[in-house]
Amino acid sequence: MTTTPSLLLRATELIGHPVVTIDAGEAVAEVKDVVYGTTEAALLGFTLNNRGFLGGPMKQVLAWARVAALGRHAVMIATAGDLDERDDVLVEDFKGARRRNVISSEVITDAGERLGEVTDVVLLVDAEPEVVGYEIGGSEILTPRKGGHVFIPLPETLAVSGEALMVPAAVRDFVSDDLAGFGASVERFRDHLRRSPTEQNT
Amino acid sequence: MEIAIAVAVILVLLLVLAVVVQRKRRSGGVIAADTRASGRGRGGKGR
């Protein structure tokens, strides 16, 4: 696995990225959906489109275990055969899992406060990439400026159910308005939860 | 003449419809999969 160390990026930046084989240097697919699991907020992999505007969704998926490298401009795999694993773990997760697109979902705290709508999901990409935050907009509490967006950190286990995404109320103290400084906010928030485990009830 | 214009308009409308449908088919998102429902934990690890 080769990645830029601890790269923070928005999940939607990956949509449309080419999937390129290392052995032939050939773009064999494009990223359609970015899929993560809620149990440990881990990136599970990607669903795929065929290349080109006329290419529709592919039956094959790309599990994270098959990704050789993930950068800002492409997803690298060893060979085209890595897309053909119908029984890989991402497919298994998809078969039994309830799944939903979280973009535009509402975020509420466990204190019953509406924070806003998800406009993007922040990934921390390293050897085992995970979802570490949401970018949210439409929040009268966190972004009084109309059209403003902020980043809120997430605990290591997420709650996705019904229509809303639940986060601990403590996230309000760890909001960041730029992605560059967001990594530090995530670490401080998770340290805070470890010291006050009763707050991590989502 | 009128028939030719009508056919052209229908073709343009069909083309627009095809583009819209294809964009919808290709549109992606960020999917949260509740892996607890499938009894699985972490899905994959980098190598």
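# Close-up views of a predicted two-chain model

**View 1. Chain B, a chain with one helix and one strand.** The secondary structure of chain B comes to one helix and one strand. Keep in mind throughout that this is a predicted model. Chain B has 47 residues, and 17% of them count as buried. Its mean pLDDT is 80, with 72% of the residues of chain B reaching 70 or more. The model as a whole scores ipTM 0.81 and pTM 0.81.

**View 2. Helix 1 of chain B, end to end.** Helix 1 of chain B takes in residues 2-26, which makes 25 residues. How far apart are its end C-alpha atoms? They are 36 Å apart, and that agrees with the 36 Å expected at 1.5 Å a residue. Now look at what surrounds this helix: the number of its residues that are buried is zero, so helix 1 of chain B lies largely in the open. B:Leu14 is a handy residue to pick out, as it sits in helix 1 of chain B. Is B:Leu14 buried or exposed? B:Leu14 is exposed, because just 10 other C-beta atoms lie within 10 Å, and a residue counts as exposed at 12 or fewer. For a sense of distance, go from B:Leu14 to B:Ala33: the two are 19 residues apart in sequence and 36 Å apart in space, C-alpha to C-alpha.

**View 3. Residues 39-47 of chain B, a stretch to treat with care.** Over residues 39-47 of chain B, pLDDT stays under 50. The model still has 36 contacts for this stretch beyond four places in sequence. Where pLDDT is low, the predicted coordinates should not be read in detail.

**View 4. Chain A, with two helices and 15 strands.** Turn to chain A, where the secondary structure gives two helices and 15 strands. Buried residues make up 39% of the 202 residues here. Among contacts in chain A with a separation of 6 or more, 49% link residues 24 or more positions apart. The mean pLDDT of chain A is 83, and 83% of its residues reach 70 or more. Where in chain A is confidence lowest, and where is it highest? The lowest mean, 50, belongs to strand 1 (residues 2-3) of chain A, and the highest, 95, to strand 3 (residues 18-21) of chain A.

**View 5. Where the two domains of chain A touch.** The domain assignment splits chain A into domain 1 (2-96) and domain 2 (106-199). Their contact takes 17 residues from domain 1 of chain A and 20 residues from domain 2 of chain A. On the domain 1 side, the largest share, four residues, comes from strand 2 (residues 7-10) of chain A. That side of domain 1 divides into ten nonpolar, five polar and two charged residues.

**View 6. The largest nonpolar core and A:Tyr36.** The largest nonpolar core has 54 residues, and those touching the most other members are A:Val34, A:Tyr36, A:Leu62, A:Val121 and A:Ile152. Each of domain 1 (2-96) and domain 2 (106-199) of chain A gives this core at least three residues. Zoom in on A:Tyr36 and, leaving out residues up to four places away in sequence, you'll find it touching A:Ala41, A:Ala42, A:Leu43, A:Leu44, A:Val131 and B:Ala32.

**View 7. A:Val20 in strand 3 of chain A.** A:Val20 has its place in strand 3 of chain A. With 19 other C-beta atoms within 10 Å, A:Val20 is partly exposed, because a buried residue needs 20 or more. Beyond its neighbours within four places in sequence, A:Val20 is in contact with A:Gly25, A:Glu26, A:Ala27, A:Ala74 and A:Met76.

**View 8. A:Ser104 in a loop of chain A.** A:Ser104 is found in the loop between strand 9 (98-101) and strand 10 (106-109) of chain A. Though not a glycine, A:Ser104 has a positive phi of about 80°. A:Ser104 counts as exposed, with 11 C-beta neighbours inside 10 Å. The C-alpha atoms of A:Ser104 and A:Val20 are separated by 30 Å, and the two residues are 84 residues apart along the chain.

**View 9. A:Gly137 and A:Gly116.** A:Gly137 lies in strand 12 (residues 130-137) of chain A. A:Gly137 is partly exposed, with 17 other C-beta atoms within 10 Å. A:Gly116 is 21 residues from A:Gly137 in sequence, yet 5.6 Å from it in space, C-alpha to C-alpha.

Terms used. Residues numbered from 1 in each chain as written. Chains lettered and ligands numbered in written order. Predicted model: local features only at pLDDT ≥ 70, side-chain atom pairs only at ≥ 80, totals over all residues. pLDDT = per-residue confidence, 0-100. Contact = placed C-beta atoms within 7 Å. Core = buried A, V, L, I, M, F, W, Y, C linked by C-beta atoms within 7 Å. Domains from an automatic or database assignment. Expected span 1.5 Å × (residues − 1). Nonpolar A, V, L, I, M, F, W, Y, C, P; charged D, E, K, R; others polar.
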